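Work through the exercises below with the coordinates open. Try each task before reading its solution.

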Amino acid sequence: VTFDHMDIALSKVFKPAVVNNILCLPQHQQMVLCALANTFQHSRKKATTLGELNKSYIEICRSTQVPAVGMLEFSNMCMILSDQGYLKLGQSKEDKLRRVTLQIDISDITFAFKGSRFFEKCLEQPKF
């Protein structure tokens, strides 16, 4: 048994409920959370727009060779994530201009995907 084995075993026992919930989300919603984490990890901003978040999401999709969803479905995914408390969506007449803020810690997102090569690659993406 190596240190890495112990690290993985202990992290599975002591991870917060939000981490389990993130792991149960559909893949594209998880990728949206990765895009949000990337956006806020590489800047001091506390909010972005739905349009900017969509650009970051599309960049992750391109780099991982996963077909991206359209803007309407992307917006619907963000509304679901908002309803579940992962992010907060502001109001705007134009969907792309809606303000988006993260409601959970970035560390919970990175912790949830620790050990997953696919999502670690998603989290390595530079901010678009």
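The exercises that follow concern a predicted model.

**Exercise 1. Helix α2 and its buried side**

Task: Find which residues of helix α2 are buried, and state what α2 packs against.

Solution:
1. Helix α2 spans residues 17-24. Its buried residues are Val18, Val19 and Ile22.
2. Take their directions around the axis. They cover an arc of only 105°, so they lie on the same side of α2.
3. Turn to the face pointing away from that buried side. Ala17 and Cys24 are the exposed residues there.
4. Look for the partners. The buried residues of α2 pack against α3 (27-41) and α6.
5. Add Asn21, which is also in α2. Its relative accessibility is 43%. Buried requires under 20% and exposed over 50%, so Asn21 counts as partly exposed.
6. Finish with a distance. Asn21 and Cys61 are 40 residues apart along the chain, and 22 Å separates their C-alpha atoms.

**Exercise 2. Asp108**

Task: Decide whether Asp108 is buried or exposed, and list its contacts beyond four places in sequence.

Solution:
1. Locate the residue. Asp108 sits in helix α6, residues 106-112.
2. Read its relative accessible area: 16%. The cut-off for buried is under 20%, so Asp108 is buried.
3. Set aside neighbours within four places in sequence. Asp108 then contacts Pro16, Val18, Val19 and Ile22.
4. Compare with Exercise 1. Val18, Val19 and Ile22 are the buried residues of α2.
5. Place the helix in the record. An unreviewed UniProt entry annotates residues 33-113 as "domain: Cdc6 C-terminal".
6. Characterise that stretch. The chain over residues 33-113 is 54% helix and 11% strand. Its end C-alpha atoms lie 11 Å apart.

**Exercise 3. Helix α5 and its two partners**

Task: Classify the packing of α4 with α5, then that of α3 with α5.

Solution:
1. Choose the descriptors. Two packed helices are described by the angle between their axes and the distance between the axes.
2. Start with α4 (residues 50-64) and α5 (residues 71-83). They pack at an angle of about 105°, with axes 11 Å apart.
3. Apply the window of 65 to 115 degrees. The angle falls inside, so α4 is roughly perpendicular to α5.
4. List the contact. From α4 come Leu50, Leu53, Asn54 and Tyr57. From α5 come Met71, Phe74, Ser75, Met77 and Cys78.
5. Now take α3 and α5. Their axes come within 10 Å and cross at roughly 80°. These two helices are therefore roughly perpendicular as well.
6. List this contact too. His28, Gln29, Val32 and Leu33 in α3 meet Phe74, Met77, Cys78, Ile80 and Leu81 in α5.
7. Check both lists for α5. Phe74, Met77 and Cys78 appear in each.

**Exercise 4. An aromatic cluster**

Task: Classify the ring pairs Phe113–Phe119 and Phe118–Phe119.

Solution:
1. Count the pairs. The structure has three aromatic pairs.
2. Take Phe113 and Phe119. Their ring centres are 4.3 Å apart and their planes meet at 20°. Stacked means under 30 degrees, so this pair is stacked.
3. Take Phe118 and Phe119. The centres are 4.9 Å apart and the planes are at 90°. Edge-to-face means over 60, so this pair is edge-to-face.
4. Join the rings. Phe113, Phe118 and Phe119 make up one aromatic cluster.
5. Check exposure. Phe113 is buried at 2% relative accessible area. Phe119 is buried at 9%. Phe118, at 25%, is partly exposed.

Methods
Residues are numbered from 1 along each chain as its sequence is written. This is a predicted model: local features need pLDDT of at least 70, side-chain atom pairs count only at pLDDT 80 or more; totals for chains, interfaces and linings use all residues. Side-chain values use heavy atoms; hydrogens and water are left out. Helices (H or I, at least four residues) and strands (E, at least two) are DSSP runs, numbered from the N terminus. Buried means under 20% relative accessible area, exposed over 50%, partly exposed in between (1.4 Å probe, protein chains only). Contact means heavy atoms within 4.5 Å. UniProt positions are given in the numbering used here, feature names are shortened, and annotations may be inferred rather than shown by experiment. Rings of Phe, Tyr and Trp (its six-membered ring) pair if their centres lie within 6.5 Å; planes under 30 degrees apart count as stacked, over 60 as edge-to-face and the rest as tilted. The arc is that of the directions from the helix axis to the C-beta atoms. Axes are lines fitted to C-alpha atoms, for helices over the stretch in contact, and angles run from 0 to 180 degrees between N-to-C directions. Angles under 35 degrees count as roughly parallel, over 145 as roughly antiparallel, 65 to 115 as roughly perpendicular and the rest as oblique.
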